[in-house]
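Welcome! Please work through a few exercises on the cysteines of a protein chain, and try each one before reading its solution.

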Amino acid sequence: MPDEGRIKVEVETRRHQMFPVLSDADIRRMRRFGSLRSYAQGECMFRAGEPGLGMFVLLAGTVAITQRDGLGHVVPIGQQGPGQFMAEIAQLSGRPSLVDGHAERAVEALLIPPDQLRALIVAEADLGERLVRALILRRVALIESGASGPVLIGPPDTADVRRLQNFLSRNGHPFQVVDSTQDADAAAMLAQYGEATLLVACPNGSVMMNPSEVALARCLGMVDTAIHDDLFDVIVVGAGPAGLATAVYAASEGLRVIVLDCRSYGGQAGASARIENYLGFPTGISGGALAGRAYVQAQKFGVEMMIPSEVASLDCSRSAEGEMVVHLADGRRLRARTVVIASGARYRRPAVPRLAEFEGRGIWYWASALEARTCAQQEVALVGGGNSAGQAAVFLSQQAAKVNVLVRGPSLAASMSRYLIDRIEATPNIELHPYTELVSLHGDPATGLEGATWRHRRSGAEHDCPARNIFLFVGAEPETGWLAGCQVAVDRSGFVLTGPAASGGFPARPAAPLESSVPGVFAVGDVRSGSVKRVGGAIGEGAAVVAQIHQHLAASESRA
C-alpha cells in the first residue's frame, strides 16, 4: 500500500478508536452504572476548568464540543450524537474538564460519575478496554493540538516558560504557548502586569504572574485543597515506576491507596527518551509513555493522586497502633496503615562553579523533546556514563549538530548497557571524551549559558566548547530527608535499609525483604539500599511489596 494510503487508514482507525459509536447492547450494559440526565437546547453540560461530573453517554440529541483558553478564544472541536460518549482521562478522577460541551439540540444522556466509570471499566473488561483507549487517545489529541489547557504568555526561550512547559509535559497536561515577542496582543497583556516575565491564563479565566508549579497545578485543579481525614491502607510517597507499580497492584487487590509526588509522575525514568531493555517492548518505549500508561492504570483501579504535593515529614509515633501520619508541606496531614517509600533520588549536582546560576538556562538534568528542539543544529555537552546518559545522548544526537559525552573513567563499559554503547559508537555526531570533567561555565545568567570548559584529568589539557546547553547525568542522591523524624534506618549514603539489613522495631518477627526498620514502612525502587537502579527492577519491587503489605495488615488485624 502506498505511504499516503497507509497513513490515511491509520488516521481513520485512530479517529474511530478515539470516537467510537456504542451499540445498543453496549449502552444496556452501561445503564446500571449511571443515571439519566436531560439538557435543554443551548444548556452547558460541562465547562473547561470546572470539575467534571463524569462520562456522558448520549442517548438523544447532539452536543457541540469546543476548546476555550484563558484568553477567551473558542475553537470548535466537533459534534457528538447518539451512541457516542463525552469524556477523557480527567473524568476517571473527577478532575476539571479540558473542553466545553453545550447541547445543540435537546439532549438525553446517561451520566456515569467517576467512581462508577472506574467500576464499569473493571467490571466490563472488553468494553472497558475500548473506553480507556478512547480516553487516552483523546488526551493525546488535546496535547498535540496545542489549543487547550493553560496559555503560557511570554518569550518561549526563557527559563520560566521552559520550566512550566516541562512541568505540564511531564504531567501529561495540554497547554499552549503564546510568544510575546511575536504576538502584539500578548505583548500588550504582558506589559500591563509590569515586571512580570511570564503570564499564565488558566481555562477558568484567572491569570497568574510567574506562578510556581504548585500554584499552577491548583489553578488547573490538578491537586485539591481538601482535608483528607480518612485512613488509607497505603500511602505511596513517590510516583516513579516503583511507586506507580505499588499503587496499581495494591489498588487492584482492593486496598485504598493514595500516591504523592512533589513534581510529576514517572520520576527520573519519565524523562528517559527511550527505554529499550524493558521486557515486552522490543522496539522500546519512552519513559514518559510508560509512566503515562501506569498513571492511567492506577486511576482505573481507584488510586487517588496528589501530584504535585511535597511531603515534609513522616510521623511513626503511633505505628504500634497501626497508624502513621504523613505531613505535607502545605500543612495538611494524611493517615495510613502502611507507608511505601518510593521517593527515589534527586539529581546530583557536580562541584562546578556557577552551576546553580545556569540551571534552567542551559544546564539541564533531563533531556526531553523541549530541550532537544532547543539544541537543533547546535553543539552540546553531556556529562555522565550511565544508561540514562546513553539514552539522552542518542536522543539528542537526532537534533544536535554534535554531542560531546564526558566521562571521568576510561570508557562506558563499567556503567552502561552494551546495546547503548554500540549505538553511541555507531552515531557519527556523538564524540566520547574519556578521563574528562567539566570545570567551568561561561555566560550571563540573564541571557543563558554561552559555553563551557572541560579538562582531561590525566594530561590537564583544557578545551573550550561553545555549548549553550549542557546535560548532567552524574547520578543521584536518595530523597530521604523527610524520614528524619521517623528514625528509619539508612545506609552511609542515605539509602533506606530493608529486610535483614534493617535493625530495630521487630521483637517478634524479622523484617520483610522490602520492609524498613519501622514496621509497616516499606521501601522500593532507587531509594532502597541495594536496589538495582533499573526500571524493570523498580517495577518488580513495586509489585512484590504488595504481598508484604497484606501480611503486615493481616498481622496487625490479628493483634487487634
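The exercises below go from bonded cysteines to unbonded ones.

This is a predicted model, where local features need pLDDT of at least 70, side-chain atom pairs count only at pLDDT 80 or more, and totals for chains, interfaces and linings use all residues. Residues are numbered from 1 along each chain as its sequence is written, and side-chain values use heavy atoms, with hydrogens and water left out.

**Exercise 1.** Find how many disulfides there are.

Step 1: Apply the rule that a disulfide is a pair of cysteine sulfur atoms within 2.5 Å.
Step 2: Cys202 and Cys219 form such a pair, S to S 2.0 Å.
Step 3: Cys316 and Cys486 form such a pair too, S to S 1.5 Å.
Step 4: The count comes to two disulfides, and their pattern is 1-2, 3-4, with bonded cysteines counted along the chain.

**Exercise 2.** Decide whether Cys202 is buried or exposed, and do likewise for Cys219.

Step 1: Recall the cut-offs: buried means under 20% relative accessible area, exposed over 50%, and partly exposed in between (1.4 Å probe, protein chains only).
Step 2: Cys202 has a relative accessible area of 0%, so Cys202 is buried.
Step 3: Cys219, at 15% relative accessibility, counts as buried.

**Exercise 3.** Explain why Cys375 has no bond to the closest cysteine sulfur.

Step 1: That closest sulfur belongs to Cys465.
Step 2: The distance is 11 Å, which is too far for a bond.
Step 3: As for accessibility, Cys375 counts as buried at 1%.
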